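Here is a walk through one protein chain, with the structure open beside the text. Keep the viewer handy and follow along as we go.

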Amino acid sequence: MTQDPLLTGLAALAAEPPEGLLDRIAARWVRVPGPIGELAVAYTDQGVAYVHAGEGFTEAYRERFGRPLMPAARPPAGLLPALRTGRLGALRLDLRGMSDFQREVLEVVRTIPRGEVRPYAYIASRIGRPTAVRAVGTALGRNPVPLLIPCHRVTRSDGVVGEYVFGAAAKERLLLAEGVDLDRVRTLAGERVFYLASDTTGVVCFPTCHNARRITPAHRHGFRSVAQARDAGYRPCRTCRPASQAGA
């Protein structure tokens with residue numbers, strides 16, 4: 001990677017730059033192993049700012065953020081465990097430059113548990129914009145820190161995994177590795193079943209909710225909508241919150 005002119009200029013100063021100046025104007029970057037192969041990760045003094053797979057990392061980062069890059073000797077503390085487990089822990093994220101709408105979308109996505117998926121419409125409703133399903137998809141496509149904010153866990157309601165910043169094949173591979181039964185989700189969607197209820201608990205859930213996965217076949221009932229399930233006497237799960245979806 002060629003040296004950034006700004007960094008070259010700072011290095012040529014007769015006096016040492018003020019402590020912390022470089023970290024305020026530049027990002028550091030490392031290559032690390034990830035669940036879909038090698039990743040390039042940029043981070044600032046505020047946290048991890050960008051996760052990239054494949055070629056063109058430097059150009060993509062500079063075009064999007066306009067900040068110089070410096071190689072780092074080691075990844076920030078907590079990055080490798082977060083990529084391995086899908087849990088941020090104490091790892092900070094730098095989401096400066098994102099709109100309020102994008103931040104709201106990503107904050108909801110962060111709550112989706114490993115091994116579960118939610119439809120785009122669910123995200124739109126959770127942020128109070130039930131008609132903004134397409135805009136939610138656009139915001140997810142601009143997620144600067146995929147894997148750390150798990151936008152791969154947002155799928156289409158028809159059982160298709162949908163688009164992903166690293167490609168649909170990578171999205172499917174991630175979901176399968178996390179234990180999502182995509183064949184079952186597709187089969188249910190093909191039968192127009194988008195919610196599963198238990199007649200022992202009286203609760204209706206999204207099919208991948210950990211509560212739904214415990215329902216035995218003899219006590220499992222499928223529904224097209226939460227309204228239909230309510231009419232049959234079921235209440236929405238308090239964990240996966242299916243009633244948060246518009247039209248449910």
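Start with helix α7, residues 133-141, which gives the most to the lining of the second largest pocket, with six residues. Bear in mind as you look that this is a predicted model. That pocket has 13 lining residues in total, and Y120, G137, T138, E163 and Y164 are the ones that lie nearest its centre. Its volume comes to about 270 Å³. Sort the lining by class and you get six nonpolar, four polar and three charged residues.

Now for a space with no way out. Rolling a probe the size of a water molecule over the atoms shows where empty space is left. With a threshold of 30 Å³ or more, the count is one cavity. About 40 Å³ of space lies in this largest cavity. Around it sit V117, T155, R156, G159, V160, V161, L182 and V185. By class, that lining has five nonpolar residues, two polar ones and one charged one.

Next, find V109 in helix α5. Is V109 buried or exposed? It is buried, with a relative accessible area of 0%. What does V109 touch, once you leave aside its neighbours within four places in sequence? The contacts are I123, L140, I149, P150, C151 and V154. Take I149 from that list: it is 40 residues from V109 along the chain, yet the two C-alpha atoms are separated by 6.8 Å.

Stay in this part of the chain and look at L147, in the loop between α7 and β6 (154-155). Most residues other than glycine have a negative phi, and most peptide bonds are trans. L147 has a positive phi, near 80°. L147 is also buried, with a relative accessible area of 8%. R241 has a positive phi as well, near 55°. You'll find R241 in the segment after β10 (235-236), and at 40% relative accessibility R241 counts as partly exposed.

On to the charged side chains. How many salt bridges does the count come to? The count is nine. One of them is between the side chains of R114 and E178, at 3.9 Å from N to O. R114 lies in the loop between α5 (100-109) and β5 (118-119), while E178 lies in the loop between α8 (168-177) and α9 (182-190), so this pair ties together parts that are 64 residues apart in sequence. The two partners also sit in unlike surroundings: R114 is partly exposed at 41% relative accessible area, whereas E178 counts as buried at 14%. Add R153 to the view, and you can trace a network of salt bridges linking R114, R153 and E178.

R118 and E116 make another salt bridge, with 2.7 Å from N to O. Here R118 is buried at 3% relative accessibility, and E116 is buried with a relative accessible area of 3%.

For a salt bridge within one helix, go to D183 and R186, whose side chains meet at 3.3 Å, N to O. Both residues lie in helix α9, three residues apart, which is about one turn of the helix. D183 counts as exposed at 56% relative accessibility, and R186 counts as partly exposed at 29%.

Finally, turn to the strands, beginning with β1 and β2. A hairpin joins β1 to β2 through two residues. The two strands pair in the antiparallel sense over seven bridges, with β2 covering residues 37-44. To check the register, pick V32, which stands opposite L39 in β2. In a regular strand the side chains alternate between the two faces of the sheet.

Strand β1, residues 27-34, has a further partner in strand β4, residues 69-71, and this time the pairing is parallel, over three bridges. For a marker there, use R28, whose bridge partner in β4 is M70. With those two markers on screen, β1 can be followed alongside β2 in the antiparallel sense and alongside β4 in the parallel sense.

Key:
Residues numbered from 1 in each chain as written. Predicted model: local features only at pLDDT ≥ 70, side-chain atom pairs only at ≥ 80, totals over all residues. Heavy atoms only, no water. Salt bridge = Lys/Arg side-chain N within 4 Å of Asp/Glu carboxyl O. Helix = DSSP H or I, 4+ residues; strand = E, 2+ residues; numbered from the N terminus. Buried < 20%, exposed > 50% of the residue type's maximum accessible area, 1.4 Å probe, protein only. 1 Å grid on protein atoms, 1.4 Å probe; cavity = no way out; pocket = protein on both sides within 12 Å on 5 of 7 lines; lining within 4 Å. Points joined across faces, edges and corners; volume = space filled by probe spheres on them. Nonpolar A, V, L, I, M, F, W, Y, C, P; charged D, E, K, R; others polar. Contact = heavy atoms within 4.5 Å. Pairing = 2+ DSSP bridges.
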